[in-house]
Amino acid sequence: MNRNGKTLIAGLVVAVCATACGSDPEPQSPYVKAAEVCDGLFAGGLEKTVEAVTGATSFERRADDDMDRLIGKIEKEYASGRSWSQGGDLCELAAKGSRSVDETSLRFHIYAPQDVNYPGSREGERRFSLGKEAVTNARSAGIYFECVSPRLDGSKNRPARIYGGLSKAHDRGDDLEDVMDNLRVVHAASLAVAEKLECEDNAGLPAELDSDLKELPPVSREAEPDS
């Protein structure tokens with residue numbers, strides 16, 4: 001190859017590199033699908049459930065370090081010895097175009113002993129035998145479970161009481177299948193938290209939510225004494 005040919009090839013390489021090597025990478029979309037929310041927690045089978053629970057198919061992209069932040073908070077609050085704590089968000093399932101006050105979210109905290117089997121219930125609420133207790137209705141769901149973990153010093157004798165709750169779900173009515181979808185989302189999140197906390201036996205939570213989950217009767221309030 002003569003000198004002119006080599007010069008031409010070198011020039012082309014420089015031109016291509018100037019175009020490809022110097023270009024900025026395409027920015028990430030500010031929106032993600034259900035499989036990507038909560039750092040991919042619901043990928044692999046629960047995407048449609050998340051869409052039904054939130055009433056959305058596109059969500060705002062959020063930071064991916066919420067799990068580590070939440071676990072650190074639970075460890076700190078458990079170590080304080082308090083009977084309950086405020087906890088924190090695991091993640092927000094913020095539908096595209098939604099207002100912050102309407103965002104479906106998953107939050108965990110340490111609950112007080114009397115919170116389980118609490119008398120009275122919200123309208124349309126159902127109770128199930130899952131963890132220590134699980135509750136669900138048209139707009140929310142929650143699971144109470146106990147965790148014994150090497151990450152929680154003293155939990156062998158004083159298990160950490162952890163509540164995982166879903167709030168501001170899309171209201172589809174109180175049919176059993178619809179409210180169970182709310183519970184399925186909380187179950188997946190609670191199982192992930194239990195695994196991250198290294199809870200023994202995953203805090204008694206099953207790997208999958210049984211469709212024949214035992215429903216519990218409502219807890220009645222004690223009758224007021226006659227004056």
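**View 1. Tryptophan 84 and the residues it touches.** Leaving aside neighbours within four places in sequence, tryptophan 84 is in contact with Ile110, Tyr111 and Ala112. Keep in mind that this is a predicted model. Where does tryptophan 84 sit? You'll find tryptophan 84 in the loop between α4 (66–79) and β3. Take alanine 112 as a partner to look for: tryptophan 84 and alanine 112 are 28 residues apart in sequence, yet their C-alpha atoms are 5.0 Å apart in space. Is tryptophan 84 buried, exposed or partly exposed? Its relative accessibility is 43%, so tryptophan 84 counts as partly exposed.

**View 2. Helix α4 and its two faces.** Let's start with the length of α4. At 1.5 Å a residue, the 14 residues of α4 should span 20 Å, and the end C-alpha atoms are indeed 20 Å apart, so the two agree. Now look at which residues are tucked away: Asp66, Met67, Leu70, Ile71, Ile74, Glu77 and Tyr78 are the buried ones in α4. They sit on the same side of α4, because they cover an arc of only 135° around the axis. Why can residues spread along a helix share a side? An α-helix has 3.6 residues a turn, so residues three or four places apart point the same way. What do the buried residues of α4 pack against? Their partners are β3, β4, β8 and α5. On the face turned away from the buried side, you'll see the exposed residues Lys76 and Ala79. Just past the helix, glycine 81 follows α4 and has a positive phi, near 85°.

**View 3. The open sheet, strand by strand.** How many strands make up the open sheet? There are seven, with antiparallel pairing, and if you walk across them the order is β3-β4-β8-β7-β6-β5-β9. The edges belong to β3 (88–93) and β9 (215–216); each has a single partner strand, so one side of each is left without a neighbour in the sheet. Helix α5 (residues 176–196) packs on this sheet, touching β3, β4 (104–110), β5, β6, β7 (141–147) and β8 (160–167). The direction of α5 makes about 30° with that of β7.

**View 4. Strand β8 and its two partners.** Zoom in on β8. Seven of the eight residues of β8 are buried, so this strand is largely enclosed by the rest of the structure. How many bridges join β4 to β8? Six do, and these two strands run antiparallel. To find your way around that pairing, look for arginine 107, which stands opposite glycine 165 in β8. Strand β7 also runs antiparallel to β8, joined by seven bridges. Here, cysteine 147 has alanine 160 in β8 as its bridge partner.

**View 5. The pairing of β5 and β6.** Strand β5 (residues 126–128) and strand β6 (residues 133–136) run antiparallel, with three bridges joining them. Which residue in β6 is the bridge partner of arginine 126? That's threonine 136.

**View 6. The disulfide of cysteine 38 and cysteine 91.** The structure holds two disulfides, and this view picks out one of them. Cysteine 38 and cysteine 91 are joined, with an S to S distance of 1.9 Å. The link is right-handed, with 70° about the S-S bond. Cysteine 38 is in helix α2 (residues 37–40) and cysteine 91 is in strand β3, so the pair ties together parts that are 53 residues apart in sequence. Both cysteine 38 and cysteine 91 are buried. While you're here, check out aspartate 39, which is also found in helix α2. Its phi is near 60°, a positive value in a residue other than glycine. Aspartate 39 is exposed, with a relative accessible area of 52%.

**View 7. The disulfide of cysteine 147 and cysteine 199.** In this disulfide, the sulfur atoms of cysteine 147 and cysteine 199 are 2.1 Å apart. The torsion about the S-S bond is about -100°, so this disulfide is left-handed. What does the pair tie together? Cysteine 147 lies in strand β7 and cysteine 199 in the loop between α5 and β9, so the link connects parts that are 52 residues apart in sequence. Cysteine 147 and cysteine 199 are both buried. Glutamate 198 lies in the loop between α5 and β9 too, and its phi is positive, near 65°. At 42% relative accessibility, glutamate 198 counts as partly exposed.

Conventions
Residues are numbered from 1 along each chain as its sequence is written. This is a predicted model: local features need pLDDT of at least 70, side-chain atom pairs count only at pLDDT 80 or more; totals for chains, interfaces and linings use all residues. Side-chain values use heavy atoms; hydrogens and water are left out. Two strands pair if DSSP finds at least two bridges between them. Helices (H or I, at least four residues) and strands (E, at least two) are DSSP runs, numbered from the N terminus. Contact means heavy atoms within 4.5 Å. Axes are lines fitted to C-alpha atoms, for helices over the stretch in contact, and angles run from 0 to 180 degrees between N-to-C directions. Buried means under 20% relative accessible area, exposed over 50%, partly exposed in between (1.4 Å probe, protein chains only). The expected span of a helix is 1.5 Å times one less than its number of residues. The arc is that of the directions from the helix axis to the C-beta atoms. A disulfide is a pair of cysteine sulfur atoms within 2.5 Å.
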